[in-house]
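Q: Please take a close look at one sheet in this structure, following its strands from neighbour to neighbour and then turning to what packs on it.

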Amino acid sequence: MAAVLATVVVASSLSLSMAPGRAEAATMGYGFEKNGITLGSLRASDGALGICVEPAFVSTGVTVPGVVVDNLVANEGHVWVGSWNGNLSVPAISGTPLLYINYIVANYGVVPDAVTAAAANVAVWRLRGTPEAYIQATAVESGAPYDAVSAAANDMITSATQNAGTSTGAAPSQDLKNNWSFGDPYVGSVTVPAGWQTVTLTNAVFEDGTSAKTGIPAQGGTYKWIGTPPDDQKEYRVGIKGSYTSNTLGQVAAVTLYSDASPRGQDIVAPTGSDVSGESEIFYSDPLPLTFSPVVSTVASNKIVKKGDFPTDKVSFGISPSSETPWRRLINGEGKIVAYSVIKAKGTLYGPSLVPFTESATVPKGTPVAGHAEVSTSREAGPGTIDATSNTAVKESGYYTWVWEIDYSYQDDKVKGIGYIPKDYKFVDAFGQTVETHVSPFNISATSKVSKDEAGMFTDIYDTITVKHDAGGGWLYTGGGTRVPVVFRGDAYWVEGDVAPEQQSTVPEDAVLLGSRFIKDITEEGSYDSEMIRAPFDTVYVTWVWSIDPTQMGEYAGYVSAWSDDFGIPDETTKIVAPKVSSIAQTDVPLFDPAHDTSIVDIDELPATTVSVTFEAFKKAVAGEQKVGPVGVGIVDDEGEPVLWTKDELAKLTEKEACVVQPVFDTLLSPLVITEPGEHDSPEVTFQSAGDYYWVDQLLAVDPASNETVVVYRGECGLENEKTTVLNPKVTTTATPEVEVPGEAGDVAHVEGPLTSNPDITTELTFELYKQPEDGVDVCENDNLVFDTNDSAITITKPGDVESYKYTFTEKGTYYWVETLSWTNKESGESGVFHRGKCGEPGETTVAKEPVAAVAAVALAMTGSGSVLLLSGLAAALMAAGATVLVVRRRRLSEAAVIKE
């Protein structure tokens, strides 16, 4: 096309210099144009694109339509284009140069691209023999990129020399026979050689369901096919036929010439060629056999079959490994399978046998038959896996096995008549195959008896089972010739309360699993002991439930029937008895004497673990007493003063709370370990104040499983039998009620006890005498103390009456005696008061009066001798009497007190 454009440019140039006003020329197609100079393709009036082949002449018009010619004539003329101004001649051409021109115009001259069209123009001119200087001048003047266009033109000429004339319109050089490949008689592939554009199959279709394949690439290809054999044949052949169409455009030594009407006009050439078509004969494959050899393989569906159930085998149809032909099928014209041959198989179930079968090619003579089954493949689905069930149920325990066969004789007429399977064909699988064997379990049960009907907590107990083989078939054997071992599981449950659990078939929800024990490898009837299980630590019942779980039999899972006995069977139940604990405390004890508690553990035998007893003592809280903290430590306030209980505080406490607010002693950190039932005493405790004390004891045991200490029993605080009363000695007194002054009188203390026997404690008694004022208010203070024995206390070692030292009264009046019984600890030096009498207490008063004689004398003197004399004489007499009392007093203090029992 570029050449044509160049030619047009030349024409325009010539028209200006040589023949202005000539008739119309061809129009520009694709290329470059500048100032009337063009390089590229030209378009004839009928629309055909072509390339100028006469660069030296001006086009005034072209003949339409073009004419196919096999040569181009020589031409010569004067041309002025840019740097070229001179004569230009081109020779006549035909043959190979014309073939190359046809090829270039056909493949490049019609391309709608400026550079490509210009390059095609240059290539044609070069083949025509046009001077290169003229070509270069035209390229420059038209604005075309000479270097790019020139290089592309050279490539086009090279391509023409290599490819022009390769398509001559003849049939492909390779035929279609012997190009078959087979996967099996129903599928394969065919290789189509180069040149065949369409192939058609006979008795087969391509994968897309069509029998013809079109649009095959020029280099050919390989295509898969699916056979569609006739249903009434036992073999068939697949055929193939090819067709082709060859176009010689650009491949012949000729062109389509559009000639200028003038004698020296410019000619345009377009590509030329023609279509050639043909087809091959039908090429057939070798015969493909359709006869097949069906077989079956099976797996027992329900390997374990209970008595009364029907054995089921999974039967899988397939092809014999030695058969090269797959299952016979019917395929429609679209390559879809629409039906399969129906094959029938029959199975025989053999058994029972107590020992496993040995695999063999034939059935051993005398083997019992247990049932039969028959299955056929599906016409629609073809071969597959089908469940085959025996026509009879299993009646007793044992091993059962299948044998399956396919026989020509009982197939339908179509299978036999056409020859889908070989005549007299017979397949039989092996006898005794493990995968084809069922097992019907045998029956085992047991009764049991616990080792103890009653046991202490944490006692080791066990159960003994007696195994029995039940009816319904024999005990199965293993392949090694021994009986199948059975595993019994014993679950021990414990139930709270003191009422034995009710026998029932299921385990109640409130039963707690204590543990499980297994008795394994049982192969015969008899008695078997379970392993020990430890009883819990409370009053409960432990009952066993024995069972057989077929799934837990290892490789023999399911070989024995499931079994379980009841929950709560009396012979399988043990009552776990916790020790009965009671206690009794020492009752009344003198202050400073030791006291103790006694815990009584009542049981036949102690649990098989560490058992211990602890003791605690609590003092009854009393308003006005000091509060105590942990184990008797007195509580004080920030100033160090004792904190005392108040009545309001104690009133808010419950009886149980009030009982434990004053802890004074415990052995919680040092329990008393006991090794036998009976009485066990607490340590001796010396309480430090009088009052009521309550003991609480605990029975502890170490749980062997967790090694934790658990409380088996704990007493209540406040029980009367757990009360110890600590007593101060009781003291009452009797004073001399009256005395004449001057005169002696004293007090008598009645010490009733109890007195402590603690050798470290000294008990002493003292007396004090207080003269009372005349205003009638009782006062016993230092200001009115007239006499005491504090410096000469009386030591008390036993109960009895103790007389005070005598006091000589010299003044009349009312006097109160106050006695004090005190104690002193010789080791620690501590001291305190057991008892102190009250001021003005009844029986503790001595009234001092004037003597009777003195009163009479005074009266006489006052009536006979004058009062002055009487008073002076009386005063003198009283003074004399007073002196006498002082002497007596000093003498009486030096005497010992009198103690009477």
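A: In this predicted model, a convenient place to begin is the pairing of strand S2 with strand S3 (residues 49-52), which is antiparallel and is made over 2 bridges. Within this pair, Leu42 has Gly50 in S3 as its bridge partner. The two strands form a hairpin, with 5 residues lying between S2 and S3, and in the turn Gly47 takes a positive phi of about 95°.

On from there, S3 is also joined to strand S18 (residues 268-270), again by 2 bridges and with the strands running antiparallel; here Ile51 stands opposite Val269 in S18. Elsewhere in the sheet, strand S17 (residues 255-258) is joined to S4 by 3 bridges, and these strands run antiparallel, with Val67 placed opposite Leu257 in S17.

These pairs belong to an open sheet of 6 strands, whose order is S1-S2-S3-S18-S17-S4 and whose pairing is antiparallel. Because strand S1 (27-34) and strand S4 (67-69) stand at the edges and each has a single partner strand, one side of each is left without a neighbour in the sheet. From one strand to the next, the twist averages 35°.

As for what packs on the sheet, helix H4 (residues 132-142) does so by touching S1 and strand S2 (37-43), and the direction of H4 makes about 95° with that of S2. Strand S2 therefore brings together two parts of this description, since S2 forms the hairpin with S3 and is also touched by helix H4, while S1, the other strand that H4 touches, is one of the edge strands.

Conventions. Residues are numbered from 1 along each chain as its sequence is written. This is a predicted model: local features need pLDDT of at least 70, side-chain atom pairs count only at pLDDT 80 or more; totals for chains, interfaces and linings use all residues. Side-chain values use heavy atoms; hydrogens and water are left out. Two strands pair if DSSP finds at least two bridges between them. Helices (H or I, at least four residues) and strands (E, at least two) are DSSP runs, numbered from the N terminus. Axes are lines fitted to C-alpha atoms, for helices over the stretch in contact, and angles run from 0 to 180 degrees between N-to-C directions. Contact means heavy atoms within 4.5 Å.
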